[in-house]
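Here are my notes on this entry, set out as numbered points. They go from the chain as a whole to its sheets and the helices packed on them.

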Amino acid sequence: MRKNLNILGKAAESERQHRYFFGATSAERQAMRYRSNAGELAKLYPNVYARQSYLESLSPRERSMHLIRTLQLMHPHWQFACLSAAAVYGFEYPYALDAHSPVFIATTWSKNQHHAARLERIHIADPPMTIRDGIRVTTPERTLADCVHHYSFVQSLGMFDSALRQGVTTFENIRTTLPSLDKKDAATVMNALRYADPASENGGESLCRATIIEAGFAVPRLQQEFVDPYSPTSHYRVDFFWPLRDGRKVILEYDGMEKYTNPTMTQNHSTRSVVHDERHRESVLSRFATVIRTDYREVLARQPLINKLAQAGIPPAEIHL
């Protein structure tokens with residue numbers, strides 16, 4: 001297929017701006033459809049395209065943000081909401097949602113209006129708006145309220161944790177949205193606030209904690225610190241900690257892959273070195289408590305994590321979700 005210099009130029013410009021590209025004229029749209037049908041371009045949304053090789057280099061979250069930036073350019077009056085706004089704010093949630101969720105925008109129109117493919121409109125009588133990185137979005141508080149309405153507790157707790165950790169909102173500010181919500185949605189937001197904790201360090205830990213809570217176990221303490229008695233300058237913070245009534249103590253460590261691959265977490269040490277350090281860490285912590293470990297796969301499967309917690313004697317919560 002002959003090169004189309006116009007399309008190549010649009011692709012290069014869009015990639016520099018971390019977005020996709022679109023046809024501005026009927027001739028451009030026709031040319032892009034032709035190349036999309038031939039497999040040269042990937043179609044992400046009506047009249048929105050990317051080079052296939054470039055698309056494959058992007059993570060699910062990057063793909064969401066590329067599409068949002070593109071649609072904001074195409075539709076400057078759009079105001080993004082719910083999960084789309086959460087992505088703009090950088091709130092943490094499972095990557096799987098990026099692949100399967102639509103683009104959300106706020107609208108004052110009728111609730112019964114037609115939803116275009118991959119687009120969902122959320123009816124808000126007077127949508128509260130702010131601008132984040134040049135993108136029109138609902139406020140953090142309204143964004144969280146819409147997310148917890150559309151997604152499960154396990155999927156959305158990390159959004160609340162990260163919003164509070166980033167300091168873009170507070171418990172008090174989130175509560176100010178309650179009068180604008182119906183009774184059921186207000187109760188859902190209050191339930192998320194009851195368990196939200198900015199001490200949660202990342203989305204994986206939030207997902208793990210939400211699963212523990214939903215399974216009916218006692219809520220763990222986060223980031224409990226222990227001091228090595230043989231090396232008083234060595235401090236160890238653990239992901240989850242339960243002091244049990246019988247005097248026993250249980251530590252749960254969540255092993256996200258970032259712990260072994262992210263340079264900011266490994267301090268540029270090799271994987272072998274990080275694994276060695278983790279083994280030493282566990283040997284020290286085992287002096288204080290029973291140490292159990294879990295990972296993303298076990299959390300997603302649920303039952304392996306539930307079995308480990310039950311075998312360790314973690315009691316049920318006094319107040320259930």
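**Notes on the fold**

1. In this predicted model, 59% of the contacts in the protein chain between residues at least 6 apart in sequence join residues that are at least 24 apart. The secondary structure of the protein chain consists of 16 helices and 13 strands, and its C-alpha atoms fill a box of roughly 75 × 50 × 35 Å along the principal axes.

2. As to burial and surface, 49% of the 321 residues of the protein chain count as buried, where buried stands for a relative accessible area under 20%. The accessible surface of the chain comes to about 16,800 Å², and carbon and sulfur atoms account for 52% of that area. The chain carries 39 positive and 34 negative charges, whose mean positions lie 6 Å apart.

3. One open sheet has 4 strands in the order β8-β11-β12-β13, and its pairing is mixed. Because β8 (221–222) and β13 (290–295) each have a single partner strand, they stand at the edges, and one side of each is left without a neighbour in the sheet. Helix α11 (residues 203–214) packs on this sheet, where it touches β8, β11 (240–243), β12 and β13, and its direction makes about 130 degrees with that of β12.

4. Within the same sheet, the pairing of β12 (residues 249–255) with β13 deserves a separate look, since these two strands run parallel and are joined by 6 bridges. Leucine 252 has isoleucine 292, in β13, as its bridge partner. A second helix, α16 (residues 303–311), lies across β11, β12 and β13, and it runs at about 175 degrees to β13.

5. Another open sheet is formed by 3 strands in the order β1-β3-β2, with antiparallel pairing. Its edge strands are β1 (21–22) and β2 (41–45), each of which pairs on one side only.

6. Which residue of β3 stands opposite lysine 43? The pairing in question is that of β2 with β3 (residues 48–51), which is antiparallel and extends over 4 bridges, and the residue opposite lysine 43 is tyrosine 49. Helix α4 (residues 60–74) lies across β1, β2 and β3, and its direction is at about 135 degrees to that of β3.

Methods. Residues numbered from 1 in each chain as written. Predicted model: local features only at pLDDT ≥ 70, side-chain atom pairs only at ≥ 80, totals over all residues. Heavy atoms only, no water. Pairing = 2+ DSSP bridges. Contact = heavy atoms within 4.5 Å. Axes fitted to C-alpha atoms, helices over the stretch in contact; angles between N-to-C directions. Buried < 20%, exposed > 50% of the residue type's maximum accessible area, 1.4 Å probe, protein only. Areas by Shrake-Rupley, 256 points an atom, 1.4 Å probe, with all protein chains shown as cover. Lys, Arg positive; Asp, Glu negative; His and termini not counted. Charge placed at Lys NZ, Arg CZ, Asp CG, Glu CD.
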